[in-house]
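Grab your viewer and a notepad: here are some exercises on chain contacts, helix packing and single residues. Try each task before you read its solution.

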Amino acid sequence: MKLIGKNITRLDSKEKVSGEAKFIDDYPFNGIYGLIIRSSIAHGEIEKIIFDKDFDFSNFVIVSHKDMKNNINEVILKDQPFLSEKVVKFIGEPILIIGHKRKEKLKEAKKHIEIKYREFKPIFSIEDSLKADIKIFGDDNSFKTIISEVGDTKRYFNSNKYKKFKRSYKTGHQEHIYLEPQGFIAFYKDGEIKVKGSMQCPFYVSGAIKSINDEDIEVEPATVGGGFGGKEDYPSIVGAYSYLLAKKAKESAKIIYERSEDISYTTKRHPSFVTYEAVIAKNKIKAIKVKLLLDSGAYASLSPVVLERAITHCLGFYDIENISIEAKAMATNTPPNGAFRGFGAPQVMFAIERFMDDLVKELNISPVEIRKKHLPNKKSLTSTHALIREYKEVQNIFTKAIEFSNFEKKEAKFRVQNRKNKSVKKGIGISLFIHGTGFTGGGEAFLASEVLIELQKNGKVKIKVASVEIGQGAVTILSQRVASVLNLPISMIEFATANTKYNLNSGPTVASRTAMVVGELLESATVKLKKRLVNITHIEFKNKKEYLKAVEAYFKVDDVVEFREKFEQPKDIFWDEENFKGQAYLKYSLGVNVAEVSVDLKTYKPKVDKIYALFDIGLAINPKLAKIQTQGGMMQALGYALMEKIIHKNGRVQNANLSSYLIPMASDVPKMKIEFINTNSSPKGLGELPMNGTAPAIANAISNALGVEFDSLPITPETIMEKLNEN
Amino acid sequence: MKIKFYVNDKLMELDVAEDKRLIDILRYELKLTSLKEGCGEGECGACTIFFNSKLVNSCLILATQIDGAKIYTLEGLAKEAEKIKKAFIKKEAIQCGFCTSGFILKTVDYMKSNSSSKQEDIKKALDGNLCRCGGYYNIIEAIEYAMKKLN
Amino acid sequence: MQIYKPKKLKEALNLYYENPKAYLLAGGTDIVVLLKKIEIETLIDINSLKLNYIKEKRNSLTIGALTTISDMQNSKIIQKHFPILIDTFREFGSLQIRNMATIGGNIANASPAGDLIPPLLALNASIKVKSINGTREIKLSKLYKEYKKLNLKRGEIITEIKIPLIDIESYYYKKIGKRESLNIAVASLAFIKTKDKILFSAGSAHEYPKRLYNLEKYINKTKKIDSNKIKKVLKEDINPRDGLRSTAKYRNRVIFNMIMESLNGVD
């Protein structure tokens with residue numbers, strides 16, 4: 001029974017269709033509710049916190065920074081306090097946590113806490129942050145600066161012989177809108193605290209809590225209502241608050257965000273400003289300078305590593321010999337930005353794919369030709385000076401996609417149609433994109449992930465890892481990988497909730513790494529189990545019946561039930577962290593999207609009619625779940641392309657609800673034709689890839705339809721009208 | 001205030017604050033947690049229930065409005081939703097599961113009042129229920145399947 | 001917060017007169033959202049009042065203020081007489097919202113983006129209001145004078161909407177938003193042509209909902225439609241805002257475009 005590559009029905013579907021699956025707010029609860037008191041100014045110092053003398057605070061629990069031994073939430077840098085001690089750097093920065101038995105009392109109490117500030121001038125834009133006359137972080141407001149050089153760009157830029165071409169691209173904040181807002185309960189029983197909540201990375205949460213008072217606290221996810229990266233780094237903060245409140249109150253404590261609070265103060269996708277300047281000869285980029293700026297918000301959070309991924313993806317896999325990149329993650333007085341599906345890649349893939357199509361116009365060649373000219377060969381290098389090992393696959397997927405979508409014929413057809421039709425313009429656009437699986441550079445080696453499986457007396461195998469089911473299908477897919485090694489039906493596999501006390505740390509549920517990295521480790525742990533069973537019992541089992549016989553025989557003579565595996569960096573993966581050079585990822589997944597759009601010239605409204613998508617994720621472990629995952633990613637990217645943008649005014653989010661921050665609905669779904677190719681190779685990352693290519697394909701299609709170039713996201717009817725007016 | 005109403009055919013008598021939201025009464029007092037709070041403003045559809053046979057967002061109804069009402073949640077629709085649940089499982093129309101109860105109730109209502117299994121009509125009907133994990137396709141396919149194959 | 005639930009209209013009128021700052025709770029789709037943002041001292045739940053009806057009279061159609069959008073959408077009478085309203089209902093929120101929201105609530109909320117108001121204005125609708133001092137009927141076009149406010153006297157409750165039964169030769173309704181559906185209108189236009197005149201109203205076009213009188217005057221008089229003249233006249237009629245959902249410039253332009261589209265085929 002080979003389960004890899006099979007459409008096994010989701011293992012968690014029964015409890016979810018019945019409504020029995022328990023999300024954090026569904027647990028029976030008896031304790032206090034928490035509310036976070038936040039800064040109302042964007043930059044300044046707290047002078048005084050005044051509790052109204054006429055208000056009875058005696059039944060409230062109040063947590064401040066004084067209740068912690070260590071008050072730094074270390075993600076990458078040590079800059080962000082759990083609770084502000086004095087300085088506040090964004091509207092919404094947490095200062096106090098108040099708790100009460102009755103939820104409705106909290107909002108009332110909030111009105112009786114007055115915080116006096118000394119205000120400083122705030123910074124709200126990347127441009128102002130670069131000027132650095134106001135300092136939020138260090139001397140230059142940059143959380144991380146990376147300079148990366150491949151080849152020799154100076155030779156080309158100093159010469160007058162060549163054509164030069166420069167363009168800039170801009171993207172805004174995107175919000176995850178996981179349907180379930182952030183939430184945690186710290187259960188208190190007989191002096192012991194157990195923290196449960198909505199999270200992608202239980203070991204991050206337990207680590208953050210441990211850093212506070214050096215206490216080992218058991219952390220476990222409830223059923224998680226979507227994550228998309230938004231529950232990678234942020235839950236460490238909410239989880240810590242629930243712990244602090246429970247510890248001080250000696251009672252269970254619950255903090256569930258309201259949607260407006262979630263949109264206003266949690267992490268977002270980093271806004272970006274990317275500039276390419278290219279030297280071109282014979283329709284080919286000879287050298288390129290890239291300036292890459294991210295708006296990190298007030299604290300570093302994950303920005304340094306988001307910046308790294310932006311660098312590794314900012315030229316796709318195009319064949320460019322001479323590269324010079326300057327990248328900075330800049331501080332502003334807005335809530336810190338963090339992980340979001342794609343992790344820096346969607347911004348730069350939009351930029352590079354738009355740049356390619358801007359070149360199309362400049363050089364008067366076709367979108368297919370310009371990309372063909374730059375397809376990688378066996379000598380091509382990545383932006384971190386490693387060989388593009390997947391060059392053949394890139395050539396292959398691109399060629400296939402052109403045929404699959406009938407791109408060239410359609411482009412010609414639309415051109416003819418557009419001459420006749422004055423009210424609706426049609427366009428087609430293409431994007432070629434990549435996503436590196438797992439952590440960047442030495443990240444996977446640093447994580448040194450470990451997995452554990454347990455052989456049960458009844459023959460069932462229990463998976464005990466840190467991977468969290470967030471809707472992506474982790475439970476099903478990892479179970480398939482284990483079952484496959486033993487030739488067992490899926491019902492023989494059990495998947496333990498990612499509890500930090502009982503499971504091993506197989507790393508965070510992020511970076512499209514679960515199916516590939518954790519999956520491979522689980523396979524080799526299962527191979528160990530299999531070998532031991534065979535060695536001890538001499539039963540070469542081929543099916544469940546024989547397997548069960550072997551298990552029975554095994555337990556008569558042996559009692560080893562735990563099998564582990566630990567990640568080791570493959571020998572052919574070289575990474576030089578200091579110079580930011582080397583093979584940045586274990587593997588890369590590839591994709592091509594072709595989007596067809598119609599733009600109504602009366603309303604300026606773009607509509608995506610159809611998307612063709614080819615993905616190379618190696619072997620899809622569960623093709624059906626994989627397909628659904630790509631559809632979801634593409635819709636999230638469609639939202640990014642056409643409607644999703646957080647609007648700040650003086651550091652305050654203006655559209656903190658779902659009637660003003662719009663995400664796509666069923667009516668917005670275009671026709672989608674999706675296929676996986678290169679399925680004979682081993683599995684690669686999937687989760688983030690579909691987020692990378694859809695927005696640039698749509699943007700290119702709209703540009704193609706209207707004959708004007710769009711350089712920012714989202715492309716709204718308003719921006720379309722403005723652009724058409726300019727031209 | 002004292003209120004009497006039916007939930008999933010059971011008579012409930014409660015003493016609650018007049019401004020308590022129906023979603024909170026159902027979830028916290030009656031422990032009917034299939035419905036969820038995704039936005040609290042009637043935009044996401046995760047808290048969808050039947051209220052006097054009409055599909056509504058329970059986050060927009062206050063205690064003062066519910067005396068005498070007949071309410072059904074997913075927990076009380078075992079029979080009506082059975083085929084739909086099967087179709088949702090078969091077509092993998094569930095991912096994180098937070099929106100699922102709302103979509104199933106939407107489908108129960110749609111199949112009761114509508115006979116069109118055209119994709120465009122199903123899509124239009126689904127508006128008002130948000131899903132962020134999937135591309136809605138799987139849900140649309142599940143409804144088509146429930147209508148064509150299971151009916 | 002104090003909540004009253006009057007059983008009889010008279011009781012409701014007394015309560016509202018005594019508590020002029022009170023909010024009325026009808027379908028709740030706006031009020032319950034508002035409760036999160038502002039503090040409301042008094043709420044009068046009027047759902048016990050028998051104001052859910054659609055009646056066809058000789059010269060008009062009357063609709064009880066508590067009639068939901070869904071009930072109107074399913075009404076054979078409305079389908080027969082006012083297909084423009086059916087188009088409007090189709091674009092009104094989600095099914096869940098349509099099952100709760102009422103015609104009276106949409107009118108009383110006085111939002112410039114209120115979906116029902118432009119077509120009702122173009123249909124020359126009136127409202128019946130009641131208070132302890134009696135009943136009066138006023139034109140919907142006289143109800144709005146400033147942003148999010150009703151031009152009503154103390155204690156007056158909207159109880160009924162009356163739409164004259166006229167022969168509609170053609171109509172046009174369009175609502176624009178960023179999504180394919182469930183949008184708060186970025187802009188909308190309603191147009192009604194009868195034997196002797198054309199009526200216009202636009203949504204999200206002004207501080208408060210209103211008819212486009214200057215445009216109507218021009219269109220109803222002129223022999224040949226001049227688009228530049230329309231642009232000019234329109235400036236006197238509408239004054240949309242730059243806001244979260246859109247820009248004034250965009251709104252101006254698409255309202256103009258919708259007007260041109262609506263006039264297509266009109267001679």
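**Exercise 1: Chain B against its partners**

Chain B and chain C bury about 2,100 Å² between them, with carbon and sulfur atoms giving 55% of that area. Buried area here is the accessible area (1.4 Å probe) that two parts lose on being put together, summed over both. A quick word on ground rules: this is a predicted model, where local features need pLDDT of at least 70 and side-chain atom pairs count only at pLDDT 80 or more, while totals for chains, interfaces and linings use all residues. Residues are numbered from 1 along each chain as its sequence is written, chains are lettered from A and ligands numbered from 1 in the order in which they are written, and side-chain values use heavy atoms, with hydrogens and water left out.

Task: find which three residues supply 25% of the area that chain B buries against chain C, then work through chain B against chain A.

Solution.
- Step 1. Start with the head count: chain B and chain C each put 28 residues into their contact (heavy atoms within 4.5 Å).
- Step 2. Pick out the top trio on the chain B side: B:L60, B:T64 and B:Q65 supply 25% of what chain B buries against chain C, more than any other three residues.
- Step 3. Switch to chain A, where 53 residues are in contact with 39 residues of chain B.
- Step 4. Chain B and chain A bury about 3,800 Å², 60% of it on carbon and sulfur atoms.
- Step 5. For the area that chain B buries against chain A, B:E92, B:R132 and B:Y137 supply 22%, more than any other three residues.

**Exercise 2: Two helix pairs**

Task: work out how α2(B) and α3(B) are oriented to each other, then do likewise for α19(A) and α11(C).

Solution.
- Step 1. Helices (H or I, at least four residues) and strands (E, at least two) are DSSP runs, numbered from the N terminus. Axes are lines fitted to C-alpha atoms, for helices over the stretch in contact, and angles run from 0 to 180 degrees between N-to-C directions.
- Step 2. α2 (residues 78-90) and α3 (residues 100-113) of chain B pack at about 120°, with axes 10 Å apart.
- Step 3. Angles under 35 degrees count as roughly parallel, over 145 as roughly antiparallel, 65 to 115 as roughly perpendicular and the rest as oblique. So α2(B) and α3(B) are oblique.
- Step 4. On the α2(B) side B:E80, B:A81, B:I84, B:K85 and B:F88 take part, and they meet B:T100, B:F103, B:I104, B:T107, B:V108 and B:M111 in α3(B).
- Step 5. For α19 (residues 717-726) of chain A and α11 (residues 248-263) of chain C, the angle is about 80° and the axes are 10 Å apart. That pair is therefore roughly perpendicular.
- Step 6. Here A:P717, A:E718, A:M721, A:E722 and A:N725 meet C:K249, C:Y250 and C:R253.

**Exercise 3: Buried or partly exposed?**

Task: decide whether A:Q583 is buried or exposed, and then place C:Y17.

Solution.
- Step 1. Buried means under 20% relative accessible area, exposed over 50%, partly exposed in between (1.4 Å probe, protein chains only).
- Step 2. A:Q583 has 7% relative accessibility, so A:Q583 is buried. Its loop runs between β22 (581-582) and β23 (587-600) of chain A.
- Step 3. C:Y17, in helix α1 (residues 9-18) of chain C, is at 24% and therefore partly exposed.
- Step 4. Beyond its neighbours within four places in sequence, C:Y17 is in contact with C:I132, C:N133, C:R154 and C:G155.
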